[in-house]
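Here is a small set of exercises to work through at your own pace. Try each task with the viewer open before you read the solution below it.

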Amino acid sequence: MAAVIRALHYAHELPVVFEDPFASRLAGPVWHLLCKSRLLYLAATRTLYKSLDPIRRQILARARYAEDKLEEAIASGVRQYVIVGAGLDSFALRRNELGGKINIYELDHPATQQAKKARLKELGFSLTKSHEFVPVDFEKESLKDALDRSSYNRNGSVFFSWLGTVHYLTPPAVFKTLASIKSCAPPGSELVFDYAVSEKHSSHENQQTVRDLKRYTQRRGEPIVSLFDPDILPRKVSDLGFELLENFSPMQQAEKYFNINDERQGFMPGSYFAHFRLV
Ligand SMILES: C[S@@+](CC[C@H](N)C(=O)[O-])C[C@H]1O[C@@H](n2cnc3c(N)ncnc32)[C@H](O)[C@@H]1O
């Protein structure tokens, strides 16, 4: 669904917050069709797609936020990018020209990754030699052990993005993964992830949205199982050896990417973007 949101956004919405010309084909033929027809898109936004409104903006903003930080990291010399829980992320396709310049490692659940590889093959999309798929189930294996099976160099600085995934992991798996990141990357490396906050930390206007979102993900069989306190989580992550650079709130996201400064229009469920540097 994240790819569908990026695809429809790229095809039909302005201003473009995140440009993903590959998302529609990765999402599948039905969605690709929807992207081509303005009429179908308008019909969908009033029906099915409407139920995704609460998370739509957040998904676009988090992709933009992480890749903006990644570009800064690349400019300052980082040469490895680890996409944790990559899903249908298309960075490697969009930035083919980076092939050879930076190594990209896509970590994901084996089932998701198999499906993505099959889709790429079907579409005839090929990835650069400096891109590797690394299957991993974070409930069963550590990130470090998974990366050890690839060409990943744990002495070279690295940028990790971990988007839309923390929500679906149990808190112990989240902290184990953070500790694992710390154990296999040198100081100066960076990490961006998004996390959801519990209802009591959402604005009054957004509390119903958070409840709806929980119900929606439950119905789709991938329930949100981790909700954090935005005042406490950064401290807990810092205790593992990370320095907080930014804890970007839903309202900051709405203002920066959508020019919205009225909380009632914000419509961003309580999801923060956290940017850390390893110390
Ligand atoms: C909502 S998608 C986000 C995908 C992508 N990062 C994005 O922003 O579009 C959640 C991702 O978490 C992955 N995931 C969920 N549970 C996992 C687990 N136990 N181990 C590894 N990956 C997992 C799924 O396979 C999926 O790719």
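**Exercise 1. A salt bridge within a helix**

Classify Arg64 as buried, partly exposed or exposed from its relative accessibility, then examine its salt bridge with Asp68.

*Solution.*
- Step 1. The relative accessibility of Arg64 is 28%, so this residue counts as partly exposed. Keep in mind that the model is a predicted one.
- Step 2. Asp68 also has a relative accessible area of 28%, and therefore is partly exposed.
- Step 3. The two side chains meet in a salt bridge, with an N to O distance of 3.0 Å. The cut-off for such a pair is 4 Å.
- Step 4. Why are Arg64 and Asp68 separated by about one helical turn? Because they sit four residues apart in helix H5.

**Exercise 2. Two further salt bridges**

Compare the pair Asp137 and Lys140 with the pair Asp148 and Lys144: what are the N to O distances, and how accessible is each partner?

*Solution.*
- Step 1. For Asp137 and Lys140, the side chains meet at 3.8 Å, N to O.
- Step 2. Asp137 has 18% relative accessibility and so counts as buried, since buried means under 20%. Lys140, at 73%, counts as exposed.
- Step 3. Between Asp148 and Lys144, the closest N and O atoms of the salt bridge are 3.9 Å apart.
- Step 4. Asp148 is partly exposed at 43%, and Lys144 counts as partly exposed at 22%. These two residues lie four positions apart in helix H8 (residues 143-148), which means that about one helical turn separates them.
- Step 5. Elsewhere, Arg6, Asp20, Glu67 and Arg94 are joined into one network by salt bridges that share partners. The full count is 17 salt bridges.

**Exercise 3. The overall fold**

Decide whether the radius of gyration of the protein chain agrees or disagrees with that of a compact globule.

*Solution.*
- Step 1. A compact globule of 279 residues would have a radius of gyration near 19 Å.
- Step 2. The protein chain has 18 Å, so the two agree.
- Step 3. For the extents, look along the principal axes: the C-alpha trace spans about 50 × 45 × 35 Å.
- Step 4. The chain holds 13 helices and seven strands, and 54% of its 279 residues are buried.
- Step 5. Of the contacts with a separation of 6 or more, 74% are between residues 24 or more positions apart.
- Step 6. The exposed area is about 13,000 Å², with 52% of it supplied by carbon and sulfur atoms.

**Exercise 4. The nonpolar cores**

Find the residues with the most contacts inside the largest nonpolar core, and the helix that gives the most to this core.

*Solution.*
- Step 1. As background, nonpolar side chains in soluble globular proteins tend to be buried together.
- Step 2. The largest nonpolar core has 45 residues, and Tyr81 and Phe91 have the most contacts inside it.
- Step 3. Helix H5 (residues 53-75) contributes the most to this core, with nine residues.
- Step 4. Leaving out residues up to four places away in sequence, Tyr81 touches Leu70, Phe91, Ile102, Asn103, Ile104, Tyr105, Phe159 and Ser161.
- Step 5. Another core lies apart from the one just described; it has 35 residues, including Val84, Tyr105, Tyr152 and Phe175.

**Exercise 5. Two loop residues**

Say where His167 and Asp231 are placed, and whether each is buried or exposed.

*Solution.*
- Step 1. His167 sits in the loop between strand E4 (158-162) and helix H9 (171-183). With a relative accessible area of 7%, His167 is buried.
- Step 2. Beyond its neighbours within four places in sequence, His167 is in contact with Asp194, Tyr195, Ala196, Pro223, Ile224, Val225, Ser226 and Ser271.
- Step 3. Asp231 belongs to the loop between helix H10 (204-219) and helix H11 (233-238). Its relative accessible area is 54%, so Asp231 is exposed.
- Step 4. To place Asp231 further, take His201, 30 residues away along the chain: their C-alpha atoms are separated by 9.5 Å.

**Exercise 6. A surface patch**

Which residues form a nonpolar patch on the surface together with Tyr10?

*Solution.*
- Step 1. Begin with Tyr10, found in helix H1 (residues 2-12).
- Step 2. Tyr10 has 36% relative accessibility, so it counts as partly exposed. Patch members need over 30%.
- Step 3. Leu14 and Val16 complete the patch, and the three residues together have about 310 Å² of accessible area.

Key
Residues are numbered from 1 along each chain as its sequence is written. This is a predicted model: local features need pLDDT of at least 70, side-chain atom pairs count only at pLDDT 80 or more; totals for chains, interfaces and linings use all residues. Side-chain values use heavy atoms; hydrogens and water are left out. Patches are made of residues with over 30% relative accessible area and no salt bridge: like charges are joined within 9 Å, nonpolar side chains (Val, Leu, Ile, Met, Phe, Trp, Tyr) within 5 Å. Accessible areas come from the Shrake-Rupley method with a 1.4 Å probe; for residues, only the protein chains shown count as cover. Buried means under 20% relative accessible area, exposed over 50%, partly exposed in between (1.4 Å probe, protein chains only). The radius of gyration is taken over C-alpha atoms; the globule rule is 2.2 Å times the number of residues to the power 0.38. Contact means heavy atoms within 4.5 Å. A nonpolar core is a set of buried Ala, Val, Leu, Ile, Met, Phe, Trp, Tyr and Cys residues joined through side-chain atoms within 4.5 Å.
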